[in-house]
Amino acid sequence: MRFCPLLVIAFLLLAGCTHTPKDVLPWRWTFTSVYMHNEDNFVDSINDNNTDAGEAMRHYFFDYKLILKKDKSFTLVIFKKFTHGTWSFDEQYKALTLYDEATPQSPVTMTVDSVSRSLLILSLSQAAMNKLVPLNEPNNKGFTFFKGNGPYRFFLSADREAYSNDKNDPYSKQNNLWRIRPSKPETDAQLNARLANHVGFLKLLMQAVADGKSTYISLHSFHTPLVMDAGDIRLEHYEYTRSSWDNYFYDTLQAQKAYRLLEKAVIYNGVKQGETGDRFENSVIMLTQVLQNLQK
């Protein structure tokens, strides 16, 4: 492997001395790389800019998060999926188990190989990985390498971002309700609320960069039909976004209705272009107008 041995050594040196896992596990962690079978081919498949393997992986995992809270709740964002629930840690077996609140009967268990204040290394079997990778995402780059090629060793770095409350945290459950597929058809009012939650999430991401709380914005971990340019906002045509957009709704008919409601808020009700010198502030201004239009 051209990348893994050096990566492991570098990360272990950065990790320094380890701490008691139960003390340092509760934190915001960002995925940065993976050690896996057929790794060279995986890197080639995701490397659009012909950079080194480490940079290609950092870009691929850009906004994939594992947030472990002291109250034993967790948030996992990986492979364009949002999972929320509770977690436990078995010190004897170094086993970290995540219980998705939607499917608590099918927890995901992984091994904590190492943990420090700056680095977390997790090992997952293929069986555990199968519970995380979506079954119906054939066109997402790199996904096939996580199906049938285990085990996997993930490297996560301590996140620099911090939020005083869930209201302002783009990764909190209350700001990601739009990702949770409903169990029955929703009314127009409920669809509008789902859309507002989605737009509010995007606004938080942009606001964090505009305020200097975050140094980057990535749309890698989710799907949206909204396209934000430097001073403009538009919608992708439904046929181009359908395969991903439909996953947030009860069925295709509900997804189409929601798209029309969003189309009305963005196009027919009108959104004035942002005119500041900051593209992220412009996006905040325009997304605020979309939220107001959804409430009309």
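Okay, let's start with two helices, α3 and α4. In this predicted model, helix α3 covers residues 39–46 and helix α4 covers residues 53–60. Their axes come within 9 Å, and they cross at roughly 65 degrees. If you want the handedness, the crossing of α3 and α4 is left-handed. So who makes the contact? From α3 you have Glu39, Phe42, Val43 and Ile46. On the α4 side, Ala53, Ala56, Met57 and Tyr60 do the job. Sort those residues by class and you get seven nonpolar, one charged and no polar.

Keep two of those names in mind, Phe42 from α3 and Tyr60 from α4, as we move to the aromatics. Both Phe42 and Tyr60 belong to one aromatic cluster. The other members are Phe31, Phe61, Tyr64, Phe79, Phe143, Phe145, Phe146, Tyr152 and Phe154. Let me pick out Phe79 from that group. Phe79 sits in the loop between β3 and β4. Its relative accessibility is 0%, and anything under 20% is called buried, so Phe79 counts as buried. The backbone there is worth a look too: phi of Phe79 is near 55 degrees, which is a positive value in a residue other than glycine.

There's another residue like that, Lys72. Lys72 has a positive phi of about 75 degrees, and again it is not a glycine. You'll find Lys72 in the loop between β2, residues 65–68, and β3, residues 73–78. Is Lys72 buried or partly exposed? With 37% relative accessibility, Lys72 counts as partly exposed.

Lys72 also brings us to Gly85. Gly85 lies in strand β4, residues 81–90, and at 5% relative accessibility it counts as buried. Gly85 and Lys72 are 13 residues apart along the chain, with their C-alpha atoms separated by 8.4 Å. Leaving out residues up to four places away in sequence, Gly85 touches Lys72, Ser73, Phe74, Tyr99 and Glu101.

Now let's zoom out to the sheet. What do the strands build? A closed barrel of eight strands, running β1-β2-β3-β4-β5-β6-β7-β8, with antiparallel pairing. On average, neighbouring strands of this sheet are turned by 35 degrees against each other, direction ignored. As a quick reminder, strands of a sheet pair through backbone hydrogen bonds, either parallel or antiparallel.

I'd like to walk along one strand in particular, β7, which is residues 119–124. Strand β7 is mostly covered, with five of its six residues buried. On one side there is β6, residues 108–115, antiparallel to β7 and joined to it by four bridges. The connection from β6 to β7 is a hairpin through three residues. If you're following on the structure, find Ile121 in β7, and Ser114 stands opposite. Then there's the pairing with β8, residues 152–158, which is also antiparallel and has six bridges. Two partners to click on here: Leu120 pairs with Leu156 of β8, and Ser123 has Arg153 of β8 as its bridge partner.

Back to aromatics for a moment. How many aromatic pairs are there in the model? The count comes to 21 aromatic pairs. The one I'd show you is Trp178 with Tyr248, an edge-to-face pair at 5.0 Å centre to centre, with 80 degrees between the planes. Where do these two come from? Trp178 is in the loop between β8 and α6, residues 188–210, and Tyr248 is in the loop between α7, residues 238–245, and α8, residues 252–268. The pair therefore ties together parts that are 70 residues apart in sequence. Both partners are covered: Trp178 counts as buried at 1% relative accessibility, and Tyr248 counts as buried at 6%.

Last stop, helix α7, where we find Thr241. Thr241 is buried, with a relative accessible area of 3%. And what is Thr241 in contact with, leaving aside neighbours within four places in sequence? The answer is Thr224, Pro225, Glu236 and Tyr259.

That's my tour, so over to you.

Conventions
Residues numbered from 1 in each chain as written. Predicted model: local features only at pLDDT ≥ 70, side-chain atom pairs only at ≥ 80, totals over all residues. Heavy atoms only, no water. Buried < 20%, exposed > 50% of the residue type's maximum accessible area, 1.4 Å probe, protein only. Pairing = 2+ DSSP bridges. Axes fitted to C-alpha atoms, helices over the stretch in contact; angles between N-to-C directions. Left-handed = near helix turned anticlockwise from the far one by under 90°. Contact = heavy atoms within 4.5 Å. Nonpolar A, V, L, I, M, F, W, Y, C, P; charged D, E, K, R; others polar. Phe/Tyr/Trp six-rings, centres within 6.5 Å; stacked < 30°, edge-to-face > 60°.
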